[in-house]
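Reader: I have a structure to look at. Please walk me through it in short steps.

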Amino acid sequence: MMTDERKDRTTVVTSGGGGGAGWFIAGGLVVALALGGFLLFGGALGGGDGGVNIDVPEKVTIETPKPSE
């Protein structure tokens, strides 16, 4: 014969207490982005003045042939 035993079960959920690894990675990304932006926009990686000089004449004339009569 089977006995009808009931056992009470309790579920305990804990949160928090996580390590600081996520904050460490986020801080590293912020520092890397700041350093990359500084180097790029500071001209160290070619983001600044590239030294390209384009000479354009002051006046451009276009000659068209006269139509024959």
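Reader: What span does helix 1 reach from its first C-alpha to its last?
Author: This is a predicted model: local features need pLDDT of at least 70, side-chain atom pairs need 80 or more, and totals for chains, interfaces and linings use all residues. Residues are numbered from 1 along each chain as its sequence is written, and side-chain values use heavy atoms, leaving out hydrogens and water. Helix 1, a DSSP run of H or I with at least four residues, numbered from the N terminus, has 21 residues, and 1.5 Å a residue (times one less than the number of residues) gives an expected 30 Å. The computed span is close to that, at 30 Å.

Reader: How many residues of helix 1 are buried?
Author: Buried means under 20% relative accessible area, exposed over 50%, partly exposed in between (1.4 Å probe, protein chains only). Helix 1 is hardly covered. Among its 21 residues, the buried count is 0.

Reader: Is Leu 29 buried or exposed?
Author: Leu 29 lies in helix 1, residues 21–41. Its relative accessibility is 53%. Therefore Leu 29 counts as exposed.

Reader: What percentage of the protein's residues are buried?
Author: The protein has 69 residues. Its buried share is 0%.

Technical notes: Helix = DSSP H or I, 4+ residues; strand = E, 2+ residues; numbered from the N terminus.
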